[in-house]
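Please look over the structure below. A short report on its main features follows.

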Amino acid sequence: METVAFYSYKGGVGRSLLLANAARFLATLGKGVVALDFDFEAPGLHYKLGGGQSYVDGRRSSNFPLPAGGAVPYLIATAEGAASPPPFDEHMMSVPVPRDAGGWLRLMPAGPAPHQSYWAAFKDLSDRLRLSDPSGRGFMALLDLQARIADELKPDYLLIDARTGVTELGGLATTVLADTVVCMFVANQESLDGTLTVVEALKGAPRLANQKPIRVVPVLSRTAGKPHEDERFASGIKRLLELGGGVKGQSSNDLTLFSLPHDDVLGASERLVGGERKASVFSPLYQAYLELFERLFPSGAETARRVLGRLTAVADIREDLTNSRREPYEFRDLLPPWSATAIEEGVLYKAEHRGKGSRYADLLCRGDNGSPLMVVEDVWDGDVSAALEFWGKSTHVRCAVLLVKNQYGGRERRIFTREPDGADLHPVKRWDLPRPREFELLRDVGDRSVETMLEAVGHGHIEAVAWLVNEWRDSSLTVDAMMPHHRSGQWRPERAQRILDGLAATEDLRCAEEVLYRATPRGYDPWQRERRFRDDWDFGHEIEQTMAEDLFAPLFWRLPVEAVLKSMEPSHYPGETSCLAGYRLMAEGLMGLRYDPDRSALEDAREMAARLPAAHDQRDEGEMMWLDRSRREQIERVRLSEEAPPVLVWEEVLQEEPYWRGTLEEAREKVGAKVNKLMESNVSLRRRLKEVSGRRELATHGLLGSYEASGRIALYPQVITAAAEVLGISPRYLKSVVFIHIWAWALARESYDLDGQRGYGFAPSPRTNPFDRESPAHVTLVQAFTDRLIHLLKDPNLQAAFEKLSKQQPEPYTRWAPMRKLPLEKLRMLLLAARASAPALGLPGNDESQ
Amino acid sequence: METDALNALVSGAIWRAEQLETHGIRPASQAWAEVSSLEEELAKALAVSESEGRIARRGAVRAALKAGDYARAHALADAYLAEEAPRSLKTALRKILEEDAQAMASRFRFASRHHSLREAQDLARRFREAGAFGLAA
C-alpha cells in the first residue's frame, strides 16, 4: 500500500477535489483505494466523492450512505484503549465506482461533520490522542489505523486529505504516514513561501524504519499565466523543483512544476471526472490531472497514459466532428459538422441483429432520424478484427472509426465503411472523418472516387463539386519543368480530364453554377493557396492561370448556358469578370487576338475625354466610371431573349407583304402579334423550324441567336429548344453551340490584333431590310472558329450538336469542314483580313514613319 | 512520615484507583499517579535490600505506567535499576516495562506489526520538542 497525502499550506487550492479525482481514477484502473479525510477542522471529502447527503439534516441525494463514525471517533476509541478495534463498517463507506473497472474505493470521513456531535468529539481529540505522550500511544493510534487499513482492507493506495497549514495532524499525516506528499499551492508569495517551508521540513523529517524516503510532489494549482516566468517566484519555484521534482521537459535539465490550470467549469462544479471515459469531460484541468496521476502513481502510469491518450484522441475526434469552422475551399468544410446532440458518448451498444453481446463505443453518431451512422472506438492494442466483427455483423452502422496503436506508440485512425445494405465494413483510405451530409451524398462514405462524386453531382448534391474541383487541381497542377521535384499531389491528367468531362456534363443548373464558382481562379485566396501548396508553388498566379485556362475556360463553354450567365452575375464576383478566361480561350488561344474589355473601355473613355474640355482629375474619374460601366455591361451583355428572332420576324413580314421595306423594329411593329403567337406555340414553332430546316436555312445568326448592333448578345431559347427537337439533339448542347458561335463573332469584332486594332469588319449593323445578310465570308470564319473551339473542348455532345445543326444551315455555315484542313495560322490570317484593319490588309499606315 | 502511615495511604490509594478503574470512572489515571507518588515515597524510606522496599519500587513504576505517565515510569525504573539492587528486582522492573510494552503492542496490534513502540516514542518525543512538521525545533 502506498500512502499519498494531499497537503496545502493555504486552503482553496483544489486539494480535496484533486484527491477525490485521484481516488476515483485509481479505482477505475482496478486499484483498491481508501480515502481518509484528515482535514478535521473543515471536513468535506465525502461531498467531493459524491456523498452529497448532509450529516446535518440529510438533505440532498447521496450516492452512498454515510457512516455514523469516521476518523475522529475511530482515533478516540483506539487511543483510549478499546478492547477490540472499532469495526471499520461503522467508520467507513464504499464509494460507487464503475462496475467493470474492477477496483474499489472506500472513504473514511472525518466524522459526522458538520453535525454538533462531531465538533464535540473533535474538541476532545487532542486530549485523548495525546500525541506528545512519551509512551507513543498517540502515534501508535495513528499508525495503527494506517496499518489496519493496509492489513485488513489491503488497498493499493491510501489517500489522505491532510489539514491545511501547520497543524498537529496535518504534520503527522504528511511526515509520519505518507510515502508521498502532494503539496499544492497557488502562485502568490504567501502560498509559495509557506509551501517551501513545509516542503523543506518534510524532506528533513525522520522516517520510520520500514519507510522509504519521502517523496514530495509540488503542484502549482489554479494557474492562469506562466508563474515560472515571474521573477518574484523564480527562486522559490527553483527551490521547490530541487526539493520535490517536476515534469521533465525536452531535455533532462528542463524541469517545470506540475501545474493544474484554472478551470471555471470543473472547479466550480467540483465534478468528479477522474476515471471518466467520456471525452466531454476532457478539459485542460482533467488533462493536467491525468498527467499528474501518470507520474504520481507509477503502477498506473501505463494505464493513465492510455486513458489520457484515449481521452485526448476521442476528445480530438469529437472536436473534429463538431468543429464548425468553415473554410469554403475544402470539401469537408463545406459540409455542416455533426451537431453535439447527434453524438452520444460512452455508449454500450447492444447487438442489433444476428450478432450477440454488446460493445463499448466511445462515440456514437446518429443521423437526423436517430439511426446510428458511425461509431468511434478506441481499440488501442486490442483486437481490431473483433471490433470490426461486432460493428459489421451486429449493427447497421455505416462507418466505424477505430483508434489503433501504431508502430510509434501513438494512435492512428482507421476508417471502415460500407453501403447502407453492405455486408462487411471495409477499410478505406481516408483520414478525415465523414460528416453527416456525406451519408446522404454517398452510398459508401469511404468511396470518394471521381465517379461516385460525379454521380452525387448528377443527383444535385452541390457539395461534391468542391471536392471534384479540388481533385482536379491536385491531379493536374504541376509546377514548371525547371523544378520537377516541386509538385503538388500526383499528376494524373487522365483523372483530371475525367473530372473535367464529368463536371462539364452537369445538367443541374445549381450544380453547374457551383462548378463555375469553384473553378473560378479568384476563388482561391492567397492564404488558402499557401496553406495547401506551401512553397511548392512560388507564385499564386501560376495556379490561377492554370485553373483559368485548363478548368474554368473549358467549363465556361461546355456547361449549360443558363448557369454560365448566372455565374456572371456580380453577386458572385463583385468587380470581377471571371468569364474572361473563357473568352480568352477563344480569342487568344484560337484567334491569336487579345481580348481586353477593360482596355477597350479605357480607350473609349480616353477618346471621349479628349473631345470634352475637362480637368485632368475629372478625366481620371471619368475613366474609372467608364470602366465600371463596361464591366457591368460585360456581365449583362448576354441575355436569353423571349422575343422572336429577327429571321422569324422578317419571314412573317414578307409572308404578309413580299415587297415590304423597313427596319426590324418596324417589322416587329407590323407583325408583332403574329410572331408572338408563333413563339407561344411550341408546335407551330417546331413546324416552322422544320420548314426552315428543310430549306437548310437554320441560321445561327439571326434565328438562334444574334449579335446586336449595340454589342449585346441574345440567345433565343424557345427557338433553340424547338430547333433541337427538330434536329433530335439536346437543347442544352445546341444552346452552347449557338453561344459559342455568337461569341466567336463578338470576339472577332472586339478583340485587338497586334496593331491594337479591333475587328471592324465584324461590326454588327442594324438591318435595314429583310434581305440584308451577314457576310458569307465572315460567317464561314466564325463558324470555322466555332468548330475549332468545340474540337478543342473535346466534348462529343457539343460536336454532335454542331455537326447536326450545320447540316441544316445555309452554305456559309457548312464550310468549316474543308477549313479544318487549314493550319490555325492560316485561319488566323484570314480572320485578320476579314477584320480589315489597314495593317492587317498589308496597307501602309499613316504613322509608319514614327 | 512513618512507613506504616505511608503503607496505609498506599493501600487506600490503590483501593481507590482500582475502584475507579473497575467502575470505569475516567480520572483513574490521577489515582494511579497518586499511588505512584506514595510508592515512590515509600521506596525512598525503605532500603532496596528490604522486601518491602523492593515491592514499593515495583509498585511506583507499575502505578506510573497505569497512570499513563510513561516518562515517569521510565525515569523511576532507570533510577531503581541504577541502585545496587538484587537481580530479582531488576528483572522484575524490566519485566514490568516489557509487559507494558506488550500491552501497548497488543492494543495497537496492527501498528506493532509494522513499527516498533520505540519508533512511536521517538516520534512523540520529537513532536513534543519540535511541534508539527518539526518546525519549532
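## An enclosed helix

Why is helix 25 (residues 646–656) of chain A largely enclosed by the rest of the structure? In this predicted model, 8 of the 11 residues of helix 25 of chain A are buried, so the helix is largely enclosed. Burial here means under 20% relative accessible area.

The buried residues of helix 25 of chain A begin with A:Pro646, A:Val647, A:Leu648 and A:Val649. A:Trp650, A:Glu651, A:Glu652 and A:Val653 complete the list. Their cover includes helix 26 (664–680), helix 27 (682–694) and helix 28 (717–727) of chain A.

## Helix 17 of chain A

Helix 17 (residues 493–504) of chain A holds 12 residues. From first C-alpha to last, helix 17 reaches 16 Å, close to the 16 Å expected at 1.5 Å a residue.

The buried residues of helix 17 of chain A are A:Arg495, A:Ala496, A:Ile499, A:Leu500, A:Leu503 and A:Ala504. An α-helix has 3.6 residues a turn, so residues three or four places apart point the same way.

## An exposed tryptophan

A:Trp431 sits in a loop of chain A, between strand 16 (426–428) and helix 14 (436–441). A:Trp431 is exposed, with a relative accessible area of 55%. The cut-off for exposed is over 50%, so A:Trp431 qualifies.

Leaving aside residues up to four places away in sequence, A:Trp431 touches A:Arg413 and A:Ile415. A:Arg413 is 18 residues from A:Trp431 in sequence. In space, their C-alpha atoms are 6.9 Å apart.

## Chain B

Chain B has 7 helices and 0 strands. Its pattern along the sequence is α-α-α-α-α-α-α.

Chain B has 137 residues, and 40% of them count as buried. Take the contacts in chain B between residues at least 6 apart in sequence: 50% of these join residues at least 24 apart.

## Where the chains meet

Chain A brings 42 residues to the contact, and chain B brings 25 residues. The size of an interface is often given as the accessible area lost when the parts come together. Between chain A and chain B, the buried area is about 3,000 Å². Carbon and sulfur atoms give 71% of that area.

On the chain A side, A:Pro134, A:Ser135 and A:Met140 lose the most area to chain B. Together these residues account for 20% of what that side buries.

## The largest pocket

The largest pocket offers about 1,000 Å³ of space. Its lining counts 30 residues. Closest to the pocket centre are A:Arg137, B:Ser29, B:Lys66, B:Gly68 and B:Arg107.

Four elements give two or more residues each to this lining: helix 4 (116–129) of chain A, and helix 2 (28–45), helix 3 (51–66) and helix 5 (87–107) of chain B. Helix 5 of chain B has the largest share, with 6 residues. By class, the pocket lining has 15 charged, 11 nonpolar and 4 polar residues.

## The largest cavity

The structure holds 2 cavities of 30 Å³ or more. The largest cavity has a volume of about 150 Å³. Of its 14 lining residues, A:Leu172, A:Thr175, A:Val176, B:Leu123 and B:Arg126 lie nearest the centre.

Helix 6 (168–177) of chain A and helix 7 (117–130) of chain B each supply at least two residues of the cavity lining. That lining divides into 9 nonpolar, 4 polar and 1 charged residues.

Conventions. Residues numbered from 1 in each chain as written. Chains lettered and ligands numbered in written order. Predicted model: local features only at pLDDT ≥ 70, side-chain atom pairs only at ≥ 80, totals over all residues. Heavy atoms only, no water. 1 Å grid on protein atoms, 1.4 Å probe; cavity = no way out; pocket = protein on both sides within 12 Å on 5 of 7 lines; lining within 4 Å. Points joined across faces, edges and corners; volume = space filled by probe spheres on them. Nonpolar A, V, L, I, M, F, W, Y, C, P; charged D, E, K, R; others polar. Expected span 1.5 Å × (residues − 1). Buried < 20%, exposed > 50% of the residue type's maximum accessible area, 1.4 Å probe, protein only. Contact = heavy atoms within 4.5 Å. Buried area = accessible area lost by both parts, 1.4 Å probe.
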